[in-house]
Amino acid sequence: MSEVPAWLLHAKSHMNLTPYLAGIGGEIVDIGTPARARLPYSEKLVGDPQTGVVHGGVITGLLDHTSGLAVMVKLREPMPIATLDLRIDYMRPAKPHQDIIAECECVRVTHEVAFVRGTAHQGDANDPIALCTGAFMLIRGGVHGIPVAPA
Amino acid sequence: MSDFRTGDPAKLIEAIPYCRHLGVTADLEDGALLLTMPFAQHLIGNPVLPALHGGVIGSLLETAAIAQVIYETRGERLPKPVDITVDYLRSGRAVTSFARARIARQGKRVVNVHAEMWQEDEAKPVANLRGHFLI
């Protein structure tokens with residue numbers, strides 16, 4: 001295992017503090033391959049009040065966030081990234097009162113675009129809630145985006 | 001929860017906790033629902049720009065799709081998402097967002113829905129969604 005670069009550790013702590021992620025109560029668990037985030041169940045995430053199942057958008061949000069992190073893990077230097085597109089396949093509803101785990105891996109980085117595959121599950125990766133496929137633009141030399149040096 | 005599927009779109013959205021968390025409301029406008037989401041700090045994905053989180057944008061679009069399907073089909077249960085694809089066209093800024101959806105094709109069990117989100121100018125969409133939902 002090679003050492004995690006300082007900028008990536010900084011990006012991780014920054015992505016942990018992202019207002020949206022903090023607002024839904026999620027946290028980044030791992031900046032490896034795969035990148036991993038965890039979201040505990042909470043009432044405010046519910047999309048179907050009759051069943052208590054979380055809203056699909058919650059899964060989308062967690063997978064989007066973890067996908068972006070997975071791209072950063074594969075980059076050799078810090079740079080802003082932007083989601084181009086994200087496809088989510090919903091395999092089954094998330095069981096209420098259980099954590100949701102997102103695991104994403106950047107499978108290819110080109111000069112301009114990074115490609116990601118990911119899974120959301122509740123403890124057993126072989127029984128996924130959702131799968132995702134995403135493409136991200138790399139903004140090389142960009143000045144906006146996630147700050148990459150401590151403020 | 002008796003008002004959940006009575007056809008009042010505002011109440012329908014209000015009854016969903018995650019929509020309340022995002023601050024999404026719905027109004028009926030010429031037979032289509034218009035969803036509105038005022039900017040709030042906890043919707044931010046990139047504090048530097050600042051920009052809305054991609055997941056917030058996806059959530060608003062998926063909510064617009066689901067709400068439109070319920071409104072048009074008067075279904076007995078919430079439409080169940082099968083798959084969605086979100087294309088991000090420009091960054092979502094720290095202002096109020098709007099979204100509208102239309103059913104492209106309705107079958108007996110599955111519907112194909114297209115949704116679009118914009119901010120100040122409807123001609124400059126921020127993102128769009130295509131998705132399939134079981135009804």
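**View 1. Strand E8 of chain B is mostly covered in this predicted model.** Six of the eight residues of E8(B) are buried. Two neighbours pair up with this strand. Eight bridges tie E5(B) to E8(B) in the antiparallel sense, and here Thr85(B) sits opposite Arg130(B). E7(B) also runs antiparallel to E8(B), again joined by eight bridges; look for Val110(B) facing Leu134(B).

**View 2. Strands E6 and E7 of chain B run antiparallel.** E6(B) covers residues 97–106 and E7(B) covers residues 110–118, with eight bridges between them. To find your way along the pair, pick out Arg102(B), which stands opposite His114(B).

**View 3. Zoom out, and these strands belong to an open sheet of 12 strands.** Follow the order across both chains: E1(A)-E2(A)-E6(A)-E7(A)-E8(A)-E5(A)-E5(B)-E8(B)-E7(B)-E6(B)-E2(B)-E1(B), with antiparallel pairing. What stands at the edges? That's strand E1 of chain A (27–31) and strand E1 of chain B (25–29); each has a single partner strand, so one side of each has no neighbour in the sheet. On average, neighbouring strands are turned by 20° against each other, ignoring direction.

**View 4. Helix H3 of chain B lies across strands from both chains.** H3(B) spans residues 54–73 and crosses E5 of chain A, plus several strands of chain B, including E2, E5 and E8. Its angle to E6(B) is about 50°. Is the helix mostly covered or uncovered? Covered: 18 of its 20 residues are buried.

**View 5. Here's a quick length check on H3(B).** At 1.5 Å a residue, its 20 residues should span 28 Å, and the end C-alpha atoms are indeed 28 Å apart, so the two agree. Right after the helix comes Arg74(B), with a positive phi near 50°.

Definitions and conventions. Residues numbered from 1 in each chain as written. Chains lettered and ligands numbered in written order. Predicted model: local features only at pLDDT ≥ 70, side-chain atom pairs only at ≥ 80, totals over all residues. Pairing = 2+ DSSP bridges. Helix = DSSP H or I, 4+ residues; strand = E, 2+ residues; numbered from the N terminus. Axes fitted to C-alpha atoms, helices over the stretch in contact; angles between N-to-C directions. Contact = placed C-beta atoms within 7 Å. Expected span 1.5 Å × (residues − 1). Buried ≥ 20, exposed ≤ 12 C-beta atoms within 10 Å, placed from the backbone.
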